[in-house]
Structures are given as C-alpha cells and as structure tokens.
Amino acid sequence: MHCPICDYPNARQRLVMSDRFFQTSPGPFVLYECPGCRTLFQDAAQIRDSVSSFYPPGYWWRPDGRASGLERAYRTWMVGHDQLAFVLSLFTKGQPNLRCLDIGCGEATFVRLALAAGLDAYGLDQAEEAVLLADLPGRIFSGSERELIARGEKFDLITLFHALEHMLDPFAYLKGLQKLLSRPGGLIVQVPNRDSLQARIFGRRWYGLDCPRHVCNYSLFAILYLLGKAGYRIRRVRHFSLRDNAAAIVSSVFPVLDPMSQKVKRIRRTGSSHSAGLLMREGAYFGLFLLAQPLAALEAALGRGGTVTIYATLD
Ligand SMILES: [Zn+2]
C-alpha cells in the first residue's frame with residue numbers, strides 16, 4: 001500500500017479495527033503502517049464513498065438539555081485557554097486586524113473567542129448542521145475551501161484544529177490551502193500524535209486513533225515532513241494541550257464515559273441527547289480528566305504529547 005504522506009510504496013497492513021467509540025460504522029477497517037514515516041492510515045480509495053457515513057447525528061456539539069449552560073462554559077473556557085491562547089502567544093507584539101479562518105469550525109466557539117480577542121475571525125465548515133449552530137451571520141462560510149478560493153478570499157492565518165487526521169489526501173489539501181493564505185501567512189495544525197506516550201501505552205485502544213474517522217494517524221515526524229513537503233516552514237511545536245491530552249487518556253481507559261460517544265449512542269437509542277444520569281457521568285469524567293492532567297503534562301514535558309500543535313508559515 002502506497003503511503004499518502006511520504007510516498008513509501010510498500011506499507012504493510014498493521015491493524016484491523018472497528019468503530020470502537022461510536023459503534024455506528026460497520027467495519028472492519030484496515031489500517032496500514034508506513035515503515036518510512038510511521039503514519040498509520042486507511043486506504044483512501046477503499047473508504048472514499050463511505051467516509052461521510054462515519055459521522056453520525058450528534059457528532060457536532062449543540063447546546064441543549066440541562067447541562068448545556070455548564071457545557072458551553074466549559075467548552076468556551078477550554079478553547080480560550082488552549083487553542084486561542086496558543087494563537088495569541090504567536091503574536092505577542094500584537095497583530096491588529098489579523099484575518100484568520102478556522103477550518104472545521106463546528107459551532108464556532110473558537111471564532112467567537114477570536115473575535116472577542118480582536119482578531120478578524122471567520123469559520124468554515126462543510127457540515128450544514130454545524131454552520132447553522134454557529135449563528136454568526138457573515139462570519140461562517142459553508143461549503144468547501146474551493147469556493148473561498150474562487151471568490152478570491154485571503155487570510156493571514158488558517159487554523160486546522162483536529163482536521164488533517166480526517167482527510168483522505170492531506171498533502172493535496174495543504175498544497176491547495178496555499179491559495180487561501182496571504183504572504184507571509186501562517187498555518188496552525190493540531191493532530192493526535194502517534195508517537196505520544198499515551199499512544200504507546202494504549203495501543204489499539206488509544207482514543208487518538210478514533211477509527212474510522214481518523215484516516216491518517218501521524219507520527220511527529222510524519223506531520224512535520226508533510227507540512228514541509230507542502231511548502232510550509234515549521235516555526236513552533238507544542239506538545240501540551242489542556243483540552244485534549246488528558247481527555248484522550250481518560251477516554252482510552254474508560255470509553256464508556258467519553259461524552260461524545262455517550263451522546264452519539266443516546267441519540268441513536270432514544271432520538272434525544274437527554275439523559276437522567278448525564279450530569280453524574282460527566283462529573284465522573286471531569287474528575288478523571290483532572291486526575292489525568294499530571295500524566296498529560298509529563299508526556300508533554302518528555303516531548304511525547306498526546307496531541308501536537310504546530311505553527312508553520314508560508315513565506
Ligand atoms: Zn510514509
């Protein structure tokens with residue numbers, strides 16, 4: 001099997017997996033491992049026609065039910081202290097009117113916070129459900145990057161938080177994205193890290209694999225190599241993610257407590273995301289999330305973080 005990242009011609013079959021977390025996509029799914037760059041990937045040709053069915057109703061967070069106010073506050077705090085804090089740390093001298101685009105923006109928590117921080121922020125999402133939830137008229141584009149390119153839109157900064165691992169051809173995608181970037185322009189990419197301590201410990205049970213939705217599972221070398229090959233220069237790599245790394249540890253050990261998978265299963269079972277025991281389960285999850293933070297900090301300090309966030313530029 002041909003590696004989509006480094007073009008190694010003979011990647012071998014490594015794992016056969018099921019949809020462990022949502023149990024909504026009939027498998028099995030074959031994952032190949034590249035001995036050149038250590039990317040663990042699915043055969044894009046094989047899943048191209050079914051990939052949209054990997055995302056069940058409920059995949060996008062929406063504020064409803066008793067816990068919605070609490071959930072919204074939690075999500076907003078996390079995105080502000082994690083993703084937005086990273087973006088702002090890159091521009092400590094201030095960058096007024098920085099025009100930025102968050103791709104795969106979902107319900108647009110990041111866009112809202114970036115606007116509040118003074119950035120000229122926009123979002124793009126292919127999912128119509130996510131775009132409707134955002135409720136930020138004129139700020140959220142629906143559809144594909146191609147449409148924005150055709151309109152001549154340009155951005156100083158593009159953010160791809162947990163997007164590249166879902167893509168069938170990430171190299172062509174990153175090359176194409178150059179047409180949306182001003183010169184000089186910046187790109188932020190956040191992906192699960194196959195080289196992380198947690199990935200090694202949990203193996204096929206690691207939450208970061210999220211099969212079949214994660215098509216490419218990158219090693220640190222692979223994601224840096226891919227960005228370089230697509231014409232970007234690496235400026236900064238961060239191994240700690242307050243929001244994601246401890247959460248991935250907890251969901252790997254207790255997939256039954258994972259809030260997203262709980263919600264998807266509830267919707268499938270009852271048609272509603274409401275549940276009597278919701279707050280208690282989410283409280284238990286949050287407690288474990290706090291307990292796992294020191295482990296997440298340790299793996300990040302060792303340069304083996306569960307998620308890597310990379311800032312790269314196009315000069
Ligand atoms: Zn490879």
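The questions and answers below deal with a predicted model. Local features need pLDDT of at least 70 and side-chain atom pairs count only at pLDDT 80 or more, while totals for chains, interfaces and linings use all residues. Residues are numbered from 1 along each chain as its sequence is written, and side-chain values use heavy atoms, with hydrogens and water left out.

Me: Which residues coordinate the zinc ion?
Reply: Donors are N, O and S atoms within 2.8 Å of the metal (3.2 Å for Na, K and Ca); water is not among the atoms, so sites may look incomplete. Here the donor residues are spaced C-x2-C-x27-C-x2-C in sequence. The zinc ion is held at 2.3 Å by the SG atoms of Cys3, Cys6, Cys34 and Cys37.

Me: What is the geometry of the zinc ion site?
Reply: Four donors count as tetrahedral if all angles lie between 85 and 135 degrees. The ideal angle for four tetrahedral donors is 109.5 degrees. The angles among the four donor atoms of the zinc ion are 99 to 116 degrees, and the site is tetrahedral.

Me: Which helix supplies the largest share of the largest nonpolar core?
Reply: A nonpolar core is a set of buried Ala, Val, Leu, Ile, Met, Phe, Trp, Tyr and Cys residues joined through side-chain atoms within 4.5 Å; buried means under 20% relative accessible area, exposed over 50%, partly exposed in between (1.4 Å probe, protein chains only). The largest one has 41 residues, and Leu174 and Ile223 are among those with the most contacts inside it. Elements that each supply at least two residues include β7 (155-161), α6 (170-177) and α8 (220-229), where helices (H or I, at least four residues) and strands (E, at least two) are DSSP runs, numbered from the N terminus. The largest share, five residues, comes from α8.

Me: Which proline follows a cis peptide bond in strand β8?
Reply: Most peptide bonds are trans. A cis bond joins Cys211 and Pro212, with omega about 5 degrees, but Pro212 sits in the loop between α7 (197-202) and β9 (216-217). Another cis bond, with omega about -5 degrees, joins Arg183 and Pro184. The residue placed in β8 is Pro184.

Me: Why does Ala108 count as buried?
Reply: Ala108 is in the loop between β4 and α3. Its phi is near 75 degrees, a positive value in a residue other than glycine. Ala108 counts as buried because its relative accessibility is 0%.

Methods. Tetrahedral: all angles 85-135°; square planar, octahedral: opposite > 155°, others 65-115°.
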